[in-house]
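Please look at the sequence and the structure shown below, and keep both in view while you read. The paragraphs that follow move from sheets to a helix, then to a loop and the ligands.

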Amino acid sequence: MTHVSETTTPERSAIETGDMLRAEPYMLPVVPPPLPESPGPEEIADLSAEIRELTAQKNAVILAHNYQVPEVQDVADYTGDSLGLSIEAASTSAERIVFCGVHFMAETAKVLSPDKTVLIPDTRAGCSLADGITAQQVRDWKAENPDAVVVMYVNTTADVKAETDYCVTSSNAVAVVNAIPHEKEILFGPDMFLGSYVEKMTKRPMKVWMGECHVHAGIRPADLQGMLDDHPGADLMIHPECGCSTSAMEYLACGDIDPDRTYILSTGGMIEHVKQSDAPEFIVATEEGIFHPLRKAAPDRTFIPATEGAVCGFMKTITLRGLRDALRDDKYHVEVAPEIAERARIPIERMISITG
Ligand code: 13P
Ligand code: SF4
């Protein structure tokens, strides 16, 4: 691993000072599978009816992330962001959880509900960000920083969570870091943009792992500037994983972006925001699946992508057909070894108890 510098100041983020670690060998984003074809309206209606019937027969609950295709979100019992889905998975009374999201999210459900059956409709639903750090790399990092507290975004495998002190999601990362005693050094991973955002918000230097999500890293500051010029009355909503989130903080500080119109939010936070804002238009910097719940929440407003083509191919491996097959054929089971699950549960439960 490469240590570039041991110190940052609260005013300068890890990205600016270069005080970050890169996974070695650096794992380039795995190319996501090609996007499947969408079914027509009749097939959607038939499959949805079959899925609802199977859900009742099998005492199952369908949890779907906000990036899922619209027809999967519409047939789900619950849709939400990572935090909302974790809380729902922990509290459901259903015997089976069918998780329409990516693998680390389904693993989190299994960790929180070890006695339940957790199914994922497509085994290719990975995450390039979660793949950017391994449990061994976290162990090595801890060995080099024995007094530090490890804070990891939930976009990590259960093995990595087992090495972690606190998990965070995009909606609670600032609150969780603020709850950690101030004198404690923090190792934060694996998303460098979220890490840099948290440093700025908490005014607290951290050591940040240099991982990124290939979808969000592709949303660049130049995209925002042009959009803001074209839509002066719009609210700007940015997911903290975006490549533009840290520069947006700079623009805010310099007065180049109106702070009253710029919001750095989780996907769930975006849905809540549009319900109470009076803006006629919203520029949205995150994966395009979010447009479906945003339009449902505020059908009279206009939503504009900050950049075209921000699509997570991993999320899109889940289809209505795949979901029906998973329920009908009882596949694919998500398993976490009990000794790993026991350790991985601790940082997730700490997170939920701080912000749940
Ligand atoms: P949220 O928790 O904001 O839904 O984000 C999850 C994710 O994977 C973002 O890419
Ligand atoms: Fe992972 Fe990025 Fe897809 Fe979210 S959008 S699931 S972080 S690859």
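In what order do the 4 strands of the open sheet that includes β10 stand, and is their pairing parallel or antiparallel? In this predicted model, the order is β11-β10-β12-β13, and the pairing is parallel. The edge strands are β11, which covers residues 262–264, and β13, and each of them pairs on one side only. If direction is ignored, neighbouring strands of this sheet are turned by 20 degrees against each other on average. To see one pairing in detail, follow β10, made of residues 235–238, which is joined to β11 in the parallel sense over 3 bridges, and note that Leu 236 stands opposite Thr 262 in β11.

As general background, the strands of a sheet pair through backbone hydrogen bonds, either parallel or antiparallel. With this in mind, turn to another open sheet, in which 4 strands follow the order β3-β2-β4-β5 with parallel pairing. Here β3 (78–80) and β5 (117–119) stand at the edges, and because each has a single partner strand, one side of each is left without a neighbour in the sheet. In this sheet, too, the average turn between neighbouring strands is 20 degrees, direction ignored.

Strand β4, residues 96–100, can be followed to both of its partners. It runs parallel to β2, to which it is joined by 5 bridges, and it pairs with β5 in the parallel sense over 3 bridges. Arg 96 is a useful residue to find, since it is the bridge partner of Ala 60 and has Thr 117 as its own bridge partner in β5. Helix α5, residues 103–112, packs on the sheet and touches β2 (60–65), β4 and β5, while its direction makes about 160 degrees with that of β4. Is β4 mostly covered or mostly open? It is mostly covered, with 4 of its 5 residues buried.

Another helix that meets these strands is α15, residues 320–329, whose buried residues are Leu 320, Leu 323, Ala 326 and Leu 327. These residues cover an arc of only 125 degrees around the axis, and therefore they lie on the same side of α15. The buried residues of α15 pack against α2 (41–57), β2, α3 (70–75), β4 and β5. After the helix comes Asp 330, whose phi is positive, near 55 degrees.

In the loop between β13 (302–305) and α15 lies Met 315. Why is Met 315 counted as buried? The reason is that 26 other C-beta atoms lie within 10 Å, and a residue is called buried if there are 20 or more. Leaving aside residues up to four places away in sequence, Met 315 touches several residues, including His 65, Tyr 67, Val 102 and Glu 287. Arg 345, by contrast, is 30 residues from Met 315 in sequence and 24 Å from it in space, C-alpha to C-alpha.

Met 315 also belongs to the residues around ligand 2, among them Val 102, Asn 155, Cys 213, Glu 287 and Phe 314. By class, this shell has 8 nonpolar, 3 polar and 1 charged residues. Around ligand 1 the residues include Asn 66, Asp 81, Asn 155, Cys 213 and Glu 241, and by class that shell has 1 nonpolar, 7 polar and 2 charged residues. Asn 155 and Cys 213 are therefore worth finding in the structure, as they are listed around both ligand 1 and ligand 2.

Terms used. Residues are numbered from 1 along each chain as its sequence is written. Chains are lettered from A and ligands numbered from 1 in the order in which they are written. This is a predicted model: local features need pLDDT of at least 70, side-chain atom pairs count only at pLDDT 80 or more; totals for chains, interfaces and linings use all residues. A residue is near a molecule or strand if its C-beta atom, placed from the backbone, lies within 6 Å of it. Ala, Val, Leu, Ile, Met, Phe, Trp, Tyr, Cys and Pro count as nonpolar, Asp, Glu, Lys and Arg as charged, and the others, Gly among them, as polar. Two strands pair if DSSP finds at least two bridges between them. Helices (H or I, at least four residues) and strands (E, at least two) are DSSP runs, numbered from the N terminus. Axes are lines fitted to C-alpha atoms, for helices over the stretch in contact, and angles run from 0 to 180 degrees between N-to-C directions. Two residues are in contact if their C-beta atoms, placed from the backbone, lie within 7 Å. A residue is buried if 20 or more other C-beta atoms lie within 10 Å of its own, exposed if 12 or fewer, and partly exposed in between; C-beta atoms are placed from the backbone. The arc is that of the directions from the helix axis to the C-beta atoms.
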